[in-house]
Amino acid sequence: MMMFIMETQLGISGLRCNGCASKLEKRLNELDGVTAQVSFALSKVSLSFSQPSQLTLALKLIKKADYQLITELHTFSVIGWSCGGCANKTKKALLELEGVESVAVNPTTAQLEIEAITGVVKQSDFAIVCQGFGYQLQLNTANQIDQQEQQQILFEQQNKEQRQLVILSSLFTLPLVLPMILMVFNQALMLNPWLEFALATVVQFVVGAKYYRGAWLNLKTLSANMDTLVALGTSAAYFYSCYVLFSDWRTAHGQLYFEASAVIITFISIGKWIEHRAKHSTSEAIRELMALTPVTATVIRQDKTQQLPIEQVLSGDLIRVIAGDKIPVDGVVLSGESEVDESLITGESLPVRKAVGDQVVAGAVNGHGVMTVEASAVGENSSLNQIIKMVEQAQMSKAPIEELVDRIAKIFVPAVLLIALVTLATWLALGASFETALINSVAVLVVACPCALGLATPAAIVAGSGVAAQHGIIIRDVKALQMAGNLSRIAFDKTGTLTEGKPQVVNTTLVDNTRDQDTVLGQLASLMEQSEHPLARAIKCYTQSHHVVLSAVSQFKVIAGKGVSGSLNGQLVLAGNRELMKEHQVVMPDELTQGTSASEVYFAIDEQLVALIELNDQARESSKLTISRLNSLGLTTSMLSGDNKGAAQAMAQQLGLRQVFSELKPEQKLNQLKQWQEADEQVAMVGDGINDAPALAQADLGIAMGCGTQVAISSAQITLSQSNPLLVVAAIEIATLTWSKIKQNLFLAFIFNSLAIPLAAMGHLSPQLAGLAMALSSITVLGNALLLKRWQFKES
């Protein structure tokens, strides 16, 4: 029995650090039939499951762990309600849908408001429920807030809450550190011990409540994280000060460490606030892509124009796009013409002219014209949503190096707790006072920063893949980041990759002079009618100008890397390269055995050669510059082509390729890649066709051109949304730069902890400085990742 795997992504709030994300991921993966990935950097949960009941269990587990799932608010007008009973019946049915959190109804105004978990339930699900009762839903577009707006509102709300806590903490901490500041200027100030206690208590239990809560949640699962370290460290300083104060407040001056606990919480809260803003910035690029699709579309049905939610638009619907509007679906222009801005989708900076018959993509911005578009791909099937999905999947996945980081992170907090205990015991054993031993152990607890380790890799991946997507480079597999900087060779397919993929017939040679040329062209066109190969399309276009008559071809067959065959009026017809002719023992005249610099298609009937068609395909404008740039990087550039030797060598010489391999079948391309890999070469393959798919999958790094087939795109680790070879250089550049940032971040995180923890244990870092250092470590890692947003590809 076939099992259908369902996938969804959920927004989540409440993750305090990467350790929280790892623990939640582990618990979700323990559920039967559930595969989960949890990203602290993105605040998202990705779930794969085969049964709705598995999703129910996963949602319950997340809520039980005290995390909050992000919800959307949907507002509708309802057609068909006649009384309060209708409204209540609808409300009850909607509340039974998985993911619906609350439903509010107003039968007087026929208004319906639904709060639902983003990614679990769709507007179409609400419509189906209501249609079951005979009611219709109309989206209130004036009150509608799309998912991106809701996420922005949530971010601003959380940002405001964190900012208020930082201000509160700073105001109550400043008087505590004021005596230390005045000492620098030889001024003395002694605060009343009870005032110190009051100020520190507010900071400890109001601002610091989130750390206690996080520590408690981890304690319930017998684990520990950053919150545990902060809660233990600050509590030790605070409660030791309380002990001294309550023992004898008159002699407590100079022995209290209320300012230490308050400063630690203040510095860490400031760091977490900046970290929250920086995490939001790293994923800005993908949010810009998601914001491109409008909430509604103007649909023409039965000669009536109506505004519909994008989820209710169907393939085949006619969409009216007025000047300045975003195009809501992929489709074909049926009427009108305009210039369309596709820059945020393909990276192409100049507007593209669109007229009748041209393809348009969802998310592009219409210029000054008005167009009617027939929808061909809607919703999740649109090019834009496919791009977003691929980028999100890459951002949610983990680089190989993260497995090592995760293993270290699992033992990091327990190790720090052990080091803190050893520090306390060692100082006491060396004869130091309990106060000194305690303060040094507190510094160890506070300075350790598992968050910097956890953010090092995902922050760079999110920022790098996001800015790449803005330039039309879709990184589908994070392993590509590591591989891009280690390449020694890059191989290209010829047709459609380095060339325009639009060959034109330049010469027709009729070998059998007893036959009529138009009849022969008609027979050839009939055979080519069922093929989508670029050469076949060119021949079909050429024969149309000769007004040939087409006949039905049966037993049509594609022979990979060779050509096509079929049966026409009971005769075997063949069209393809020399190898196909040899296989069928077709005799080749001497004058045709030398080969030319053009692509050749031989046509035979009943194993008798009838005609030779010669075609030329122009190199893409940027192909020569691409090869030059790659050669300058020290890469060996090669061409793997199925075309004849003359045509392949002529193109390679024109572009400056260092090696060329011609007349290759798909399995021969695959074998050539394997030979290079066996010689310890790291190889990238760039292609676009079905015959390139095996090689793209075999290569250490597969790069598919956006104009290519879905098979080729699915086999590649990087997809280029434009048919511009120069983006290959850009892809290698941004992937290498992102991997470099990952290594820099990991170095910063490891070196920070390697130096700071011993310094704290030896008494060279006060708890206050330790708190500041811990806050700065996460900010440094995120700031370094955010530098990727400044990347711009220089084409010249």
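Two strands are taken as paired where DSSP finds at least two bridges between them. In the predicted model described here, this criterion is met by β20 and β25 (residues 608-616), which are joined by 6 bridges and run antiparallel. Within this pairing, Thr-508 has Ile-613 of β25 as its bridge partner.

Both strands belong to an open sheet of 6 strands, arranged in the order β20-β25-β24-β23-β22-β21 with antiparallel pairing. The edge positions are occupied by β20 (504-510) and β21 (554-559); each has a single partner strand, so one side of each is left without a neighbour in the sheet. On average, neighbouring strands of the sheet are turned by 15 degrees against each other, direction ignored.

Two helices lie across strands of this sheet. Helix α18 (residues 517-528) lies across β20, β21, β22 (563-568), β23 (571-576), β24 (599-605) and β25, and its direction is at about 100 degrees to β24. Helix α19 (residues 534-544) lies across β20, β24 and β25, running at about 75 degrees to β20.

With regard to the chain as a whole, the division comprises domain 1 (6-69), domain 2 (71-141), domain 3 (314-377), domain 4 (461-499 + 619-739) and domain 5 (501-617). A distance of 36 Å separates the C-alpha centres of domain 1 and domain 4.

The structure contains 0 disulfides. Cys-130 is in no disulfide, and the nearest cysteine sulfur, that of Cys-86, is 11 Å away, whereas the cut-off for a disulfide is 2.5 Å between sulfur atoms. Cys-130 is buried, with a relative accessible area of 0%. Cys-86 is likewise buried, its relative accessible area being 10%.

How values were computed. Residues are numbered from 1 along each chain as its sequence is written. This is a predicted model: local features need pLDDT of at least 70, side-chain atom pairs count only at pLDDT 80 or more; totals for chains, interfaces and linings use all residues. Side-chain values use heavy atoms; hydrogens and water are left out. Domain bounds come from an automatic or database domain assignment. Helices (H or I, at least four residues) and strands (E, at least two) are DSSP runs, numbered from the N terminus. Axes are lines fitted to C-alpha atoms, for helices over the stretch in contact, and angles run from 0 to 180 degrees between N-to-C directions. Contact means heavy atoms within 4.5 Å. Buried means under 20% relative accessible area, exposed over 50%, partly exposed in between (1.4 Å probe, protein chains only).
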